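Colleague: I work at the bench and would like a close look at a single part of this model, the nonpolar core together with whatever surrounds it. Please take me through it slowly, and explain each term when you first use it.

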Amino acid sequence: MEHPAYSQLRPVTPSASVVLCPNPGYSSLEGTNSWVIRAPEDTHSIVIDPGPTDEGHLNVLNNKASEVGLILLTHRHHDHADGAHRFRQLTGASVRAWDPAYCIGAERLTNGEIISLEDVTPQIEVVYTPGHTSDSVCFFIWSGVPHESTLEGIVTGRHTTMISETDGDLGLYLKTLALLEERGSGVKLLPGHGPDGFDVASFAHWYIERRQQRLTQLKAAQAKLGPDASLKELID
């Protein structure tokens, strides 16, 4: 089934399938991608980003994911994380995130840790990737033991260059993109919004170029208008 396929379990890699939430919008694009991580023979799964508090979506996700052993959050934004508490009620699974305020029944995530569950074959490497928000992480989906198996895909919080107005950081965002460009060559992109892609590195490279072009434009505008130019003048 081609994207978008709302409320259906769409396989993307051998260990990662997606259920698309019917919450399209300006910031959510076609909707939030909720990722179900398990091998075909597994009895349990790990769910990444259950999405907003949409009872219909959460019930479909619970049905498609079967026995959920753990819930992970890429970041705190409502269209990814608000449904986590209700999804825990439905599944009994703990919730883990970078920000401890969003964890339920489990400890916060740590950079570089490997998430391994009994009855779930794929293992997940946690990589701290701030920029979009201060609590953003990516999940590297390995078919088995990390660095001894296939890196099937990288789950990211977004598929755009949006940076949070509250705690986003352009410098950290560019460092995150450089990391993804370095590690994502030939690896499937499993985004929080939008269709999956074939090569994380190429997406990261394009986003870096886009940001650098914009920075060059802003620097040229500031040089022309002077250091006291207002933000609106620079943007215009």
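Modeller: What follows begins with how the model is to be read, then turns to the core and works outward from there.

This is a predicted model, in which local features need pLDDT of at least 70 and side-chain atom pairs count only at pLDDT 80 or more, while totals for chains, interfaces and linings use all residues. Residues are numbered from 1 along each chain as its sequence is written, and side-chain values use heavy atoms, with hydrogens and water left out.

The largest nonpolar core has 20 residues, and those touching the most other members are Trp35, Ile48, Leu72, Ile124 and Phe139. Such a core is a set of buried Ala, Val, Leu, Ile, Met, Phe, Trp, Tyr and Cys residues joined through side-chain atoms within 4.5 Å; buried means under 20% relative accessible area, exposed means over 50%, and partly exposed lies in between, with a 1.4 Å probe and protein chains only. Two or more core residues come from each of strand 2 (16-20), strand 3 (33-37), strand 4 (44-48), strand 5 (67-72), strand 8 (123-128) and strand 9 (137-142), and strand 9 supplies the largest share, 3 residues. Strands (E, at least two residues) and helices (H or I, at least four) are DSSP runs numbered from the N terminus. In soluble globular proteins, nonpolar side chains tend to be buried together.

Leu72 shows how this region is knit together: apart from neighbours within four places in sequence, Leu72 is in contact with Ile46, Val47, Ile48, Asp49, Pro50, Arg96, Leu109, Ile115, Ile124 and Phe139, where contact means heavy atoms within 4.5 Å.

Several of the strands named above belong to an open sheet of 6 strands, ordered 1-2-3-4-5-6 with mixed pairing; two strands pair if DSSP finds at least two bridges between them. Strand 1 and strand 6 (94-96) are the edge strands, each pairing on one side only, and from one strand to the next the twist averages 30°. Strand 3 and strand 4 run antiparallel and are joined by 3 bridges, and here two of the core residues meet, since Ile48 in strand 4 is the bridge partner of Trp35. At the edge, strand 1 (residues 9-13) pairs with strand 2 in the antiparallel sense over 4 bridges, with a hairpin of 2 residues joining strand 1 to strand 2.

Two helices pack on this sheet. Helix 1 (residues 55-65) touches strand 1, strand 2, strand 3, strand 4 and strand 5, and its direction makes about 155° with that of strand 2, whereas helix 3 (residues 84-91) touches strand 4, strand 5 and strand 6, at about 160° to the direction of strand 5. Axes are lines fitted to C-alpha atoms, for helices over the stretch in contact, and angles run from 0 to 180 degrees between N-to-C directions.

The axes of helix 1 and helix 3 come within 10 Å and cross at roughly 45°, which makes helix 1 oblique to helix 3. Angles under 35 degrees count as roughly parallel, over 145 as roughly antiparallel, 65 to 115 as roughly perpendicular, and the rest as oblique. Where the two helices meet, Glu55, Leu58, Asn59, Leu61 and Asn62 of helix 1 face Arg86, Phe87, Leu90 and Thr91 of helix 3.

The remaining core strands lie in another open sheet, where 5 strands take the order 7-8-9-10-11 with mixed pairing, and strand 7 (114-115) and strand 11 are the edges, each pairing on one side only. Strand 7 and strand 8 run antiparallel, joined by 2 bridges, and Ile124 in strand 8 is the bridge partner of Ile115. Helix 4 (residues 170-183) packs on this sheet, touching strand 8, strand 9 and strand 10 (151-155), and its direction makes about 10° with that of strand 9.

Finally, Ser15 sits in the loop between strand 1 and strand 2 and, at 4% relative accessibility, counts as buried. Setting aside residues up to four places away in sequence, Ser15 touches Val36, Ile37, Arg38, Pro122, Ile141, Ser143 and Glu152.
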